[in-house]
Amino acid sequence: MGLLRYTLWRLAQAIPVLIGIITITFFLANQIPGDPVEIMLGPSPAQEQVEAIRARYGLDRPAYERFLNYLSGVATGDLGQSIYYDRPVLEMILLRLPVTLYLTVSAFVFAIATAIPLGVISAKRRNKPADHVSRIVSLVGVSTPSFWIGLMLIIVFAFYLGWFPARGLPLPWEAPGDIRGAETQFEVLRTSLHHLAMPMIALGTLQMAQITRIERSSMVESLQGEYVKLARAYGVPESTIVRKHAFQVAQLPVITIIGLGLSTALGGAVLTETVFEIQGMGRLIITAINNQDYELIMGTTFMFGVAFVVGVIITDVAYAYIDPRVAYGDE
Amino acid sequence: MATGTEPQTGASPTKDDESGAGEVEARVGLRYTLRQVKRDTTARIGIYTVGFVTLVAVLASLDYYVFDYGIAEAIWYSPVQDPEQVRRLLPPVGMENQYGQGTLEHPMGTDHRGRDILGRLFYGTRIAITVGFMATVIGLVGGTLIGAVSGYYGGWIDDVLQRVTETIYAIPFLVLVIAFMTAFGRDLSFAMIGVGITSVPVFNRLIRSRVVSVREEDYIEAARAAGVKDRNIILRHVIPNSFAPVLVQATLQIGVSILIVAGLSFLGFGAQPPTPSWGQMLSASRNYMLPAPTFSLFPGIAILITVIGFNILGDGLQDALDPRINN
């Protein structure tokens, strides 16, 4: 039961943070100069028209009242109305969020799948050529802007070699008829993965580099542990020691860094979506800002916060699952 | 985490394995640190890279504020805006594209308005370094104050301050800065402040944990018993004792800030045209990736070299300041 209670406790802890996020976003949105009504109706609209719109969107009421309204709205799943799209904010978010999650989660899968072997090899052959190569790769990885990697990938693999498409990201579960050239669900999946490859690498490289660094130092430390010495003394083969004894213990710091990397990755998604013209949450927030769509700005910012908080909780629970001391220690 | 070559730092004469890293550092001081950094080959590369980029930034600022583009004009930056003479999207020297042949006059070619790319990179350094540095200073000062007060007093002050910084941390920072700049202004000064605010939680956490451990030290007790004011204890004793990890973090944070600011400029938040910034150059280059791919290449390399410099230097400092890490 420890794990379930721990999960619930972490979820409960997230509530004040979420209220805090709403407060910050509401405060920021309130500071935005300019009048959304003007943007919607053009330069010199009729007075009655303006007032009608203001009343409809609640813009005529004082700030604290709007804040409380907004807060109770969020609690009941109502994030307001997007002035620009003329649709509920939540509807827009639910349309776009899967794209961003698909991209971000894939980027992490790519990052973890490349970083863990790199880090382990690096730690096993400390100060040998393989280690130097892996460390240089991760140093360059943490120092390169993700959007520039995207541009370079497009130039080389889309424009010159023509291997991958340069824009868009269809979801693998979209209906076959909706995507050009995809007759069956399997072809949809293939098209989707084909589009996914470059943005995934662009977004995942930074995470890959960070995880490699942590994996390496964590493995180095773990390989020096007493239990490893003991296993060696018993004559356990080195490959078994690395695979069974040292590896599992070394994954705890890696999980932590994945949770923290989520913030960078979700922010990076805004850039990656811009480079590859992907219609996800990142493009949504930029569109919202460019059109001064208050409630959409608040809604998307809030949702980015929610995505991060939920991601951190998932990694925390994963951590507690692997290391049960965490869950029991907090009771 | 360490990137440096390892043996020298491990053999420091004053090393004391039983005490924390900060205490080791506190005893040996800044001069020792610098000596350690200089002995480390990788860290030296970091120092040289950062030194070079900073020098370029200083030159570009001098040129901008004092010489009115005199230096650049003398070398390569031709301010001629005569539409007849402008040669757009030229390739680098020695290459050829549909717009013509690259010449030595524009070693890295020209952009979509016929401006020299090397010259624009030169001025972009000024923006990158200034904003990266200032954002880090803002985060450092804010985070240090909050972390120190929070850790020193504990109790409800600690709770309130920590919940607030946690909340700031809970919004992905690029999104937070975008929202912040939308609210207050899209220009460079707000980019600095915004990026600075997002790094407050980083320094806060670092300082707070140090302060909590230092708070119980004998010399702090002694200072308190001697009637030294709390504020002075924090400023004169607690903060200086946390110098080592903060310096490492600040160096790395400059690199991170430069990356974020480049991303912001790429999205149109930050230096406004015609002020040259690397991110904005990359944003403009997106429309010409097929005919003039090198236009997208060079600004990215400039960012990469600069950020690598700070990262190597940060790692080198870490090795020098915390000898235990590499054993």
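Mentor: Let's start with a term: a helix here is a DSSP run of H or I at least four residues long, and helices are numbered from the N terminus. Keep in mind that this is a predicted model.

Trainee: Got it. Where does B:Glu216 lie, then?

Mentor: B:Glu216 sits in the loop that links helix H8 (188-214) to helix H9 (218-225) in chain B.

Trainee: And what makes B:Glu216 exposed?

Mentor: Count the neighbours: B:Glu216 has 8 other C-beta atoms within 10 Å. A residue with 12 or fewer counts as exposed, so B:Glu216 gets that label.

Trainee: How far is B:Glu216 from B:Ile178?

Mentor: They are 38 residues apart in sequence, and their C-alpha atoms are 41 Å apart in space.

Trainee: What does H7(B), the helix with B:Ile178 in it, look like in terms of burial?

Mentor: Its buried residues are B:Phe173, B:Leu174, B:Val175, B:Leu176, B:Val177, B:Ile178, B:Ala179, B:Phe180, B:Met181 and B:Thr182. To be on that list, a residue needs 20 or more other C-beta atoms within 10 Å of its own.

Trainee: Why is H7(B) called largely enclosed?

Mentor: Because ten of its twelve residues are buried, the rest of the structure largely encloses H7(B).

Trainee: Which helices do the buried residues of H7(B) pack against?

Mentor: From chain A they meet helix H1 (2-31), helix H10 (238-275), helix H11 (281-290) and helix H12 (294-322), and from chain B they meet H8 and H11.

Trainee: How do you know that the length of H7(B) agrees with what a helix should span?

Mentor: Take 1.5 Å times one less than the number of residues. For the twelve residues of H7(B) that comes to 16 Å, and its end C-alpha atoms are 16 Å apart, so the two agree. Right after H7(B) comes B:Gly185, with a positive phi near 160°.

Trainee: How many residues does each chain bring to the contact between A and B?

Mentor: Chain B brings 35 residues and chain A brings 41 residues. On the chain B side, helix H6 (155-170), helix H7 (173-184), helix H11 (243-266) and helix H13 (293-321) each supply at least two residues. H7(B) gives the largest share of that side, nine residues. By type, the side of chain B that touches chain A has 24 nonpolar, eight polar and three charged residues.

Trainee: Moving on to pairs of helices, why are H11(B) and H12(B) called oblique?

Mentor: Their packing angle is about 40°, and their axes are 7 Å apart. Angles under 35 degrees count as roughly parallel and 65 to 115 as roughly perpendicular, so 40° falls in neither group and H11(B) and H12(B) are oblique to each other. Their crossing is right-handed.

Trainee: Which residues meet where H11(B) and H12(B) pack?

Mentor: B:Val261, B:Ala262, B:Gly263, B:Leu264, B:Ser265 and B:Phe266 come from H11(B), while H12(B) offers B:Trp278, B:Gly279, B:Gln280, B:Leu282 and B:Ser283. Sorted by type, that contact has six nonpolar residues, five polar and no charged.

Trainee: Now chain A. What makes H9(A) hardly covered?

Mentor: Helix H9 of chain A, residues 226-233, has eight residues, and the count of buried ones is zero. Just after H9(A), A:Gly235 has a positive phi of about 85°.

Trainee: Why point out the phi of A:Asp86?

Mentor: Most residues other than glycine have a negative phi. A:Asp86 isn't a glycine, yet its phi is positive, near 55°. You'll find A:Asp86 in the loop between strand E1 (81-82) and strand E2 (87-88) of chain A. With 8 other C-beta atoms within 10 Å, A:Asp86 is exposed.

Trainee: And how do you know that A:Asn127 is exposed?

Mentor: A:Asn127 has 12 other C-beta atoms within 10 Å. The label covers 12 or fewer, so A:Asn127 is exposed. Its phi is positive too, about 65°, although A:Asn127 is not a glycine. Its loop runs between helix H5 (89-124) and helix H6 (129-143) of chain A.

Trainee: Last one: what share of each chain is buried?

Mentor: In chain A, 42% of the 331 residues are buried. In chain B, 50% of the 327 residues are. Chain A has 13 helices and two strands, and chain B has 13 helices and two strands.

Note on methods: Residues are numbered from 1 along each chain as its sequence is written. Chains are lettered from A and ligands numbered from 1 in the order in which they are written. This is a predicted model: local features need pLDDT of at least 70, side-chain atom pairs count only at pLDDT 80 or more; totals for chains, interfaces and linings use all residues. Two residues are in contact if their C-beta atoms, placed from the backbone, lie within 7 Å. Ala, Val, Leu, Ile, Met, Phe, Trp, Tyr, Cys and Pro count as nonpolar, Asp, Glu, Lys and Arg as charged, and the others, Gly among them, as polar. Axes are lines fitted to C-alpha atoms, for helices over the stretch in contact, and angles run from 0 to 180 degrees between N-to-C directions. Angles under 35 degrees count as roughly parallel, over 145 as roughly antiparallel, 65 to 115 as roughly perpendicular and the rest as oblique. A crossing is left-handed if the near helix is turned anticlockwise from the far one by less than a right angle, and right-handed if clockwise.
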